[in-house]
Amino acid sequence: MSDPVVVAIDGPSGSGKSSVAKAVAAHFGYGYLDTGAMYRAVTLWCLRTGVDLADQEAVVAAAEDLPLGLGVDPTETTVELDGEDVADAIRTSEVSGVVSAVATNLGVRAVLQQAQRDLIELIADDFGGVVAEGRDITTVVAPDAAVRILLTASEAARLARRSTQLHGSADAATVAATHDEVVRRDRDDSTVSQFTQAADGVVLLDTSELDFEGSVAAAIAIVTAGLECAAAGGSPA
């Protein structure tokens, strides 16, 4: 039997990495791990349990004891907190507006990064492969992944996509309402993780001019080429 495959995908807000990662995982029959959902779940749990996000040690403790359940089938992804479905709740503006306070907490990052490494190993064993996506998967969590992709897009494209996702349209008003969430979060999160430039060995995929189907096709092509190269004993980059 061949070794389980790990595909790591990073990217900024609105780049489409979650949707593309799920589609790639489904195409190859791999499991899927949304690491961003983990930071959002910690944020929601703190908000609900009264943990002050400015109290970094308390937030780390919350991350360590988080009653989180993640569905890793890319066709049926779920997020549960203490048995409750919170897939929609973690995507609200209430959470999005403060999640960077959790994501930039280095203690929380250490806890979740180790949890992500453990999950990647388990999911890859179960499915024969895993597509893990986030901010620092290609560089910190899974730097030895068989294929590593930095999926990006122009700021205008990312704002339009996130606005459509959240508000159903990308007119001037909704894009303006989305601007702070996307641009500020990227600025804040970039202080603790590198996801704006591809590190050595990471393939850059710019989807600014691609629709969803084109983005998925391009990502699948990169993964296929990377796996073929790795099988031949070369480097995917």
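## Buried or exposed

A residue counts as buried when its relative accessible area is under 20%, as exposed when that value is over 50%, and as partly exposed in between. Keep that scale in mind as we walk through this structure, which is a predicted model.

Tyr 30 has a relative accessibility of 9%, so this residue falls in the buried class. Phe 28, with a relative accessible area of 24%, is partly exposed, because the in-between class covers values that are neither under 20% nor over 50%.

## The chain as a whole

Let's step back for a moment. The chain has 237 residues, and 44% of them are buried. Its secondary structure comes to 10 helices and 8 strands.

Take the contacts between residues at least 6 apart in sequence: 76% of these join residues at least 24 apart. The accessible surface comes to about 10800 Å², and carbon and sulfur atoms account for 51% of that area.

## An aromatic pair

Searching the whole structure for aromatic pairs turns up 1. The partners are Phe 28 and Tyr 30, whose rings are stacked, with 5.5 Å from centre to centre and 15° between the planes. The pair counts as stacked because planes under 30 degrees apart are classed that way. So here a partly exposed Phe 28 meets a buried Tyr 30.

## Strand β2 and its parallel partner

Strand β2 covers residues 31-34. Gly 31 and Leu 33 point one way from this strand, Tyr 32 and Asp 34 point the other way, and all of them are buried.

Which strand does β2 join, and in what sense? Its partner is β6 (residues 129-134); the two run parallel and are joined by 4 bridges. Within this pairing, Tyr 32 of β2 stands opposite Val 131 in β6.

## A three-stranded antiparallel sheet

Strands of a sheet pair through backbone hydrogen bonds, in either a parallel or an antiparallel sense. Elsewhere in the chain, an open sheet of 3 strands shows antiparallel pairing, in the order β3-β4-β5. The edges are taken by β3 (68-70) and β5 (84-85); each has a single partner strand, so one side of each lacks a neighbour in the sheet.

Between β3 and β4 (residues 79-81), the antiparallel pairing extends over 3 bridges. Leu 68 has Leu 81 of β4 as its bridge partner.

## A helix across the sheet

What lies across these strands? Helix α2, residues 35-49, lies across β3, β4 and β5, and runs at about 30° to β4.

Note on methods: Residues numbered from 1 in each chain as written. Predicted model: local features only at pLDDT ≥ 70, side-chain atom pairs only at ≥ 80, totals over all residues. Heavy atoms only, no water. Pairing = 2+ DSSP bridges. Contact = heavy atoms within 4.5 Å. Axes fitted to C-alpha atoms, helices over the stretch in contact; angles between N-to-C directions. Phe/Tyr/Trp six-rings, centres within 6.5 Å; stacked < 30°, edge-to-face > 60°. Buried < 20%, exposed > 50% of the residue type's maximum accessible area, 1.4 Å probe, protein only. Areas by Shrake-Rupley, 256 points an atom, 1.4 Å probe, with all protein chains shown as cover.
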